[in-house]
Amino acid sequence: MSKLKIAELFYSIQGEGRYMGVPSVFLRTFGCNFKCSGFGMSKGQLSEEYLTVNPELYTKYDQLPLVSTGCDSYASWDPRFKHLSPMLESDSIVDAIIDMLPSKDWNNEHLVITGGEPLLGWQRAYPDLLDHPKMANLKEITFETNGTQELSPEFRTYLINWQSENFDREVTFSVSAKLSASGEHPDEAIKPEIVCKYQDAGYVYLKFVVATEDDVEEALAALDIYQQNGFTALLLNASRRRRKCIRIKQSSCCRISNETWVTLQ
Ligand code: SF4
């Protein structure tokens, strides 16, 4: 039986993406290839705020303090917080998930697999989890990814088959591509050749965190690169089936071209 290191498991109303307001179970895996220490900082500065959190003071993930700079999910990848993320067999994870569902079975709720970066080595463990008999009625899975991890050929095939076994099933890749404001280098963070291949296995939309006009310019330049590599951008909120979306997060909502949707708060 496969095991997964789980930082957090919770039931919530999904707040973003194609399915705004959909009841969802969030499964947060441990581990990330980035640190994103530039969020909330001046250009060129990196946050060390997460290092001020003493891991010995906490026994549960949800007790941890929020940080105002850097990655807000620091405990999902910082090894100092590993003890808060148990390695669990898929049976136990499924039981915990089912227990969270109001009707104790899937009834149009979504499963959101997030991180950290959920497409690291855990790809090997997901089939065991998803093939569990109690997961048979699950119809919608979203991977919240930073878009830098290739799908393994085995997992790509698995996801295609999972959807073709039941045409009500859908897989979505919510790709939060990191701009330079994250502190990560664009050569490492913008991987269009990888993201475009996700399109073979599900719906894909991009989202960028932007705070300044420079960020918006950088996001649009990145979008060009994705499109040159075969990413087909259609509007967020377009109707179902095989649509690809772009969303740039800032503050409220305005459409700035036929292919780009800016969310302004
Ligand atoms: S990719 Fe996501 S989880 Fe990983 S460090 Fe960046 S913001 Fe945090």
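1. Of the 265 residues in the protein chain, 38% are buried. The model under review is a predicted one, and the protein chain is built from 6 helices and 11 strands. When contacts with a separation of 6 or more are considered, 72% of them in the protein chain join residues that lie 24 or more positions apart.

2. On confidence, the protein chain has an average pLDDT of 87, and 85% of the residues score at least 70. Among the elements of the protein chain, helix 3, which covers residues 153–164, has the highest mean pLDDT, at 98, while strand 10, which covers residues 253–257, has the lowest, at 40. Two stretches deserve a remark here. Residues 234–245 have a pLDDT below 50, although this stretch still has 24 contacts in the model beyond near neighbours in sequence. Residues 249–265 likewise have a pLDDT below 50, and this stretch has 32 contacts in the model beyond near neighbours in sequence. Where pLDDT is low, the predicted coordinates should not be read in detail.

3. The surroundings of the ligand can be listed residue by residue. The ligand is surrounded by C32, F34, K35 and C36, by C71, S73, S76 and W77, and further along the sequence by G115, G116, E117 and N146. By residue type, this shell around the ligand divides into 5 nonpolar residues, 5 polar residues and 2 charged residues.

4. G40 belongs to the loop that runs between strand 2 (23–29) and strand 3 (87–89). Is G40 buried, exposed or partly exposed? G40 counts as partly exposed, because 17 other C-beta atoms lie within 10 Å, a number that falls between the limits of 12 or fewer for exposed and 20 or more for buried. Leaving aside residues up to four places away in sequence, G40 touches S47, S68, T69 and G70. G40 can also be placed relative to C71, one of the residues surrounding the ligand: the C-alpha atoms of G40 and C71 are 9.3 Å apart in space, and the two residues are 31 residues apart in sequence.

5. V112 lies in strand 4, which spans residues 110–114. V112 is buried, because 25 other C-beta atoms lie within 10 Å and the cut-off for a buried residue is 20 or more. Which distance separates the C-alpha atoms of V112 and Y11? The two C-alpha atoms are separated by 9.8 Å, although V112 and Y11 are 101 residues apart along the chain.

Methods. Residues numbered from 1 in each chain as written. Predicted model: local features only at pLDDT ≥ 70, side-chain atom pairs only at ≥ 80, totals over all residues. Near = placed C-beta within 6 Å. Nonpolar A, V, L, I, M, F, W, Y, C, P; charged D, E, K, R; others polar. Helix = DSSP H or I, 4+ residues; strand = E, 2+ residues; numbered from the N terminus. Contact = placed C-beta atoms within 7 Å. pLDDT = per-residue confidence, 0-100.
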